[in-house]
Amino acid sequence: LAAQSQSATLQSAFSKLATDLRAAESAIVEELIAVQGAAADTGGYYRMDDAKAAAIMRPSATLNALID
């Protein structure tokens, strides 16, 4: 969306995010790789604990800070 030129509104809204993501790419990848293969406690099989599941599904603090 940041690279397209049909909508200046979309381009301006996403250009900073695209730049920030490119700058933080290596840190984000390292954080995602660090959690691969480890067992995760979801707080239950059928009824997961929402807070635990959210933490497991969003392991990159760097990425979370950029997209929140």
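Lys52 is partly exposed, with a relative accessible area of 36%, and in this predicted model Lys52 forms a salt bridge with Asp41 in which the closest N and O atoms are 2.9 Å apart. That pair links distant parts of the chain, since Lys52 belongs to helix H3 (residues 50-57) while Asp41 sits in the loop between helix H2 (25-34) and H3, eleven residues away. The count of salt bridges comes to three, and the points below take up the other pairs, the overall form of the chain, and several residues with their surroundings.

**Overall form**

- The protein chain has four helices and zero strands, and, read from the N terminus on, its elements follow the order α-α-α-α. The radius of gyration of the protein chain is 16 Å, well over the 11 Å that the globule rule gives for 68 residues, so the chain is more spread out than a compact globule.
- Taken along its principal axes, the C-alpha trace of the protein chain spans about 45 × 25 × 15 Å.
- Of the 68 residues in the protein chain, 10% are buried, and the accessible surface of the chain comes to about 5400 Å², with 59% of that area belonging to carbon and sulfur atoms.
- Among contacts in the protein chain with a separation of 6 or more, 46% are made by residues that stand 24 or more positions apart.

**Salt bridges besides Lys52 and Asp41**

- Asp20 forms a salt bridge with Lys16, and the closest N and O atoms of this pair are 2.7 Å apart. Both residues lie in helix H1, where they are four residues apart, about one turn of the helix.
- The partners in this helix H1 pair fall into separate accessibility classes, for Asp20 counts as partly exposed at 23% relative accessibility, whereas Lys16 is exposed, with a relative accessible area of 57%.
- Asp68 forms a salt bridge with Arg58, with the closest N and O atoms 2.9 Å apart. Asp68 lies in the segment after H4 and Arg58 in the loop between H3 and H4, so this pair ties together parts of the chain that are ten residues apart in sequence.
- Asp68 counts as exposed at 69% relative accessibility, while Arg58 counts as partly exposed at 35%.

**Around helix H4 and the loop before it**

- Asn64 has its place in helix H4 (residues 61-67), and this residue is buried, because its relative accessible area of 15% is under the 20% limit for that class.
- The side chain of Asn64 reaches the backbone oxygen of Arg58 at a distance of 3.0 Å, and Arg58 is also the residue that forms a salt bridge with Asp68.
- Ser60 is found in the loop between H3 and H4, and Ser60 is buried, with a relative accessible area of 1%.
- When residues up to four places away in sequence are left out of account, Ser60 touches Ile28, Glu31 and Leu32.

**The N-terminal segment and helix H1**

- Gln4 is found in the segment before H1, and at 21% relative accessibility this residue counts as partly exposed, because the buried class is reserved for values under 20%.
- A polar atom of the Gln4 side chain lies 2.7 Å from the backbone oxygen of Ser7.
- Leaving aside residues up to four places away in sequence, Gln4 touches Leu10 and Gln11.
- Gln4 and Ala24 are 20 residues apart in sequence, and their C-alpha atoms are 22 Å apart in space.
- Leu10, which Gln4 touches, is found in helix H1 (residues 8-23), and Leu10 is partly exposed, with a relative accessible area of 36%.
- Together with Leu1 and Phe14, Leu10 forms a nonpolar patch on the surface, and the accessible area of these residues together is about 260 Å².

Methods
Residues numbered from 1 in each chain as written. Predicted model: local features only at pLDDT ≥ 70, side-chain atom pairs only at ≥ 80, totals over all residues. Heavy atoms only, no water. Patch = residues over 30% accessible without salt bridge, like charges linked within 9 Å, V, L, I, M, F, W, Y side chains within 5 Å. Areas by Shrake-Rupley, 256 points an atom, 1.4 Å probe, with all protein chains shown as cover. Salt bridge = Lys/Arg side-chain N within 4 Å of Asp/Glu carboxyl O. Helix = DSSP H or I, 4+ residues; strand = E, 2+ residues; numbered from the N terminus. Buried < 20%, exposed > 50% of the residue type's maximum accessible area, 1.4 Å probe, protein only. Polar contact = N/O pair within 3.5 Å; in protein donor to acceptor, adjacent residues only side chain to side chain. Rg over C-alpha atoms; globule rule 2.2 N^0.38 Å. Contact = heavy atoms within 4.5 Å.
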